[in-house]
Amino acid sequence: MTKKKKSILSDQRFIVLLVIIVLSAIFSGMSKEFRQYTTILSMLDFSYYDLLMAIGVTFPLITGGVDLSIGTGMVAYALIGGTLIRNNNCPVVIAMLVCIGLGVLIGALNGVLIGVMNLPPFLATLCTCMITRGAGSLCSATPWPGLTQDGGWFHTIFKITVGTGRSASRYPIGFLWMILLVLIMEFVLNHTKFGRYTIAIGSNKEAAALSGINVKFYHVMVYVICGLFTGLAAIAYAAVTPTVQPGTGAGLEMDAIGGVFVGGVAATGGYGSVIGTFVGIFVIMLLKTGLPYIGLQANWQQIITGIVLIVAVLIDIVKEKKAATK
Amino acid sequence: MKAKKVMALVLCAAMVTGMSATAVFAANDPTAQFDGLKANEAYEFPMMVKSFQSTYWDAAQEGMKKAADELGVTYKAQGPNSESDIADQVNMINTAIASNPVGLGLAACDTSSVQDALKTCAEKGIPVVTFDTGIADAPEGSVVCEVCTDNTQAGSVAAENMYNSIKDVVKDADGQVIIGEVNQDATAQNIQQRGTGFINKMIELLKADGKTVAVTGNEFYVNAAEGADAEEKDADVIIQVAVPAQTTVELCSTEAQAILSQENCIAVFGSNQVSAEGVLAANNNLNVLGSDAANGDVIGVGFDAGSIIKAAVKDGTFVGAVTQSPLMMGYYAIYALTAAANGQELEDVPTEGYWYDATNMDDEDIAPNLYD
């Protein structure tokens, strides 16, 4: 059984990869401006926080839960970190740790509400979504330091800029970190106790509990991991967003969750892969970046994104059905 | 003697022209209605701001204080934690109305949520002066005066100043050139007016120099544009208008990037803080913005302030930006309320958008409006 599922999974990832190649070909063919290094650079810049959120939320989704608080949470942590830097002269590195710490804290809160107190994930994380949105609004609009400003070094985590002005070369080093993180988390998911129990909770929570797994503990940990990645996403978000605006962030989680589903995580939980999430996010990013280049207006961009998502998820469901009837 | 008569006639004529000129000026300048205004009593006005989050509102309060000191009235500024805390603001308004103030200053977070409160004001005879944000469908008799930015004018100021920088490039261009505009939406009235104000002024300036113009992109703005006379394929200049699917910096940036990466793009305008920052974010990788159009720099113009846009104006990434005047809005709101409490009939007071660039951003009349 597991073997069969694995082959389906790898197929899904392969299909998504094909989608990426086809989309890239279409956009490159239709717009010569799209075929530029700077386009890739910008797409990568804005993909990091989506991807980090998506890696994190892959785990709750595999358990059959969800975390709706990642979008507003990310913005709130970035706002709080930025406020610490601007108003309290806090070193950037401390602000980064605060982001991660807050992410873990809210993740743990989600985990306890869901895993221990048995609140439905949708409801629990909807509440923390509101809480983080409100908490973020207590701060005023804050930009983190720019690249050339004091404390601007943290931009180099994601992109190394050599030289200044027009002659500068830019290297999207963040992409390497992302690949590394994806591989680590893929390993964690498939080859550690934590990962296997995550899948077990998603497949059949009662059976997992009966077989002696400390379901409560691992369920909480799933959301803690999600929170940890949301904290990391906050740093990536602060690096690309000029001014982090209070009261925003609602809706950002949908790009991440959409990407995870495109990547082949079962909508009912029980299986999925972090590599799938990785390629899934790039389908979303390609659509977001490419559609404006071929001159499509905003309304059409959303319609097409929606259709592509439906098709991607449908392919998964159809294949699963086929496999089941075999 | 005859010479004297002629002299007298000339003088009379001069006086008459002078008077009529003043009269015309007064009719065009709504602030003239406050000339010589004195408060009949020491009024106190509740002033509802949208939040205390941004220094934009600090600037507005500075203006209120100045006017209150001049007139000998007092005010109490109140506002919710954030501009999205609509219900909190409505509660504050209701509490304020309950104590029957002589007038109420209001910058509504959400214009439709305050309709009931405005109805109560109309019934109780409490004059309301809206500032910053107008309420187009306010109940009859509630809002006596609107003190808001004239966004059409503000957009046209951006166009005029941008055109100064690109005039020669447009004149000497070999083929078609593109001027971009990024608007965060096509639904909010202020953005619509600002975007259209920019486009129409730009068309007017280009046509005056004998160029043909086409407007492309977002349907709303294409339809709202007046005077575009050419087809896209053979226009000398294309004004390309982009509106993102959602109002995030990311999507504004992607739209800006699609515009800026075209080789024949010579200028771009971001019509509010988010879209102007989106333009700057796109430029982070493209690095095409600058102040020397003749050498191939793309001319960027922003709107509003905030530390990122201010820094870009200072270092020449943006040649300049247009700021609204929260200070003057706060100032005239208190004047309007005092006049209304005195029983004076009022007309709306549109405040201007001001151009600022590296040379004047520290000036006394500009700096207070440039919030962080």
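In the predicted model, B:Asp304 is buried, with 25 other C-beta atoms within 10 Å. This residue lies in the loop between S10 and H10 of chain B, and its phi is positive, about 65°, although B:Asp304 is not a glycine. A positive phi also occurs at B:Asn100, another residue other than glycine, where the value is near 45°. B:Asn100 is placed in the loop between helix H3 (86-98) and S3 of chain B. In contrast to the buried B:Asp304, B:Asn100 is exposed, since 9 other C-beta atoms lie within 10 Å.

The strand S10 that precedes the loop of B:Asp304 belongs to an open sheet of seven strands in chain B, ordered S7-S8-S6-S9-S10-S11-S12, in which the pairing is mixed. Strand S7 (213-217) and S12 of chain B form the edges of this sheet, each pairing on one side only. From one strand to the next, the twist averages 20°. Within the sheet, S9(B) and S10(B) are paired in the parallel sense over three bridges; B:Ala267 has B:Ile299 as its bridge partner in S10(B).

A further open sheet of chain B comprises five strands in the order S2-S1-S3-S4-S5, with parallel pairing. Its edges are occupied by strand S2 (74-78) and strand S5 (143-147) of chain B; each has a single partner strand, so one side of each is left without a neighbour in the sheet. The average twist from one strand to the next is 20°. Three bridges join strand S3 (residues 104-106) and strand S4 (residues 128-131) of chain B in the parallel sense, and the partner of B:Gly105 in S4(B) is B:Val129.

Helix H5 of chain B covers residues 151-172. At 1.5 Å a residue, its 22 residues should span 32 Å, and the separation of 31 Å between its end C-alpha atoms agrees with that expectation. The helix H5(B) nevertheless bends by about 55° at B:Ile166. B:Ile166 is one of the buried residues of H5(B), which also include B:Asn151, B:Thr152, B:Ala158, B:Met162 and B:Tyr163. The cover over the buried residues of H5(B) includes helix H6 (189-208), strand S9 (265-270), strand S10 (299-303), strand S11 (320-323) and strand S12 (354-356) of chain B.

Helix H6 of chain B contains B:Ile191, which counts as buried because 22 C-beta neighbours lie inside 10 Å. Apart from neighbours within four places in sequence, B:Ile191 is in contact with B:Asn183, B:Gln184, B:Asp185, B:Ser271 and B:Asn272. B:Gly217, 26 residues away along the chain, has its C-alpha atom 16 Å from that of B:Ile191.

Between the two chains, 33 residues of chain B are in contact with 31 residues of chain A. On the chain B side, the elements that contribute two or more residues are helix H8 (249-260), helix H9 (273-286) and helix H10 (307-314). H8(B) supplies the largest share of this side, namely eight residues. By residue class, the side of chain B that touches chain A divides into twelve nonpolar, 16 polar and five charged residues.

Methods
Residues are numbered from 1 along each chain as its sequence is written. Chains are lettered from A and ligands numbered from 1 in the order in which they are written. This is a predicted model: local features need pLDDT of at least 70, side-chain atom pairs count only at pLDDT 80 or more; totals for chains, interfaces and linings use all residues. Two strands pair if DSSP finds at least two bridges between them. Helices (H or I, at least four residues) and strands (E, at least two) are DSSP runs, numbered from the N terminus. Axes are lines fitted to C-alpha atoms, for helices over the stretch in contact, and angles run from 0 to 180 degrees between N-to-C directions. The expected span of a helix is 1.5 Å times one less than its number of residues. The bend at a residue is the angle between axes fitted to the seven residues ending there and the seven starting there. A residue is buried if 20 or more other C-beta atoms lie within 10 Å of its own, exposed if 12 or fewer, and partly exposed in between; C-beta atoms are placed from the backbone. Two residues are in contact if their C-beta atoms, placed from the backbone, lie within 7 Å. Ala, Val, Leu, Ile, Met, Phe, Trp, Tyr, Cys and Pro count as nonpolar, Asp, Glu, Lys and Arg as charged, and the others, Gly among them, as polar.
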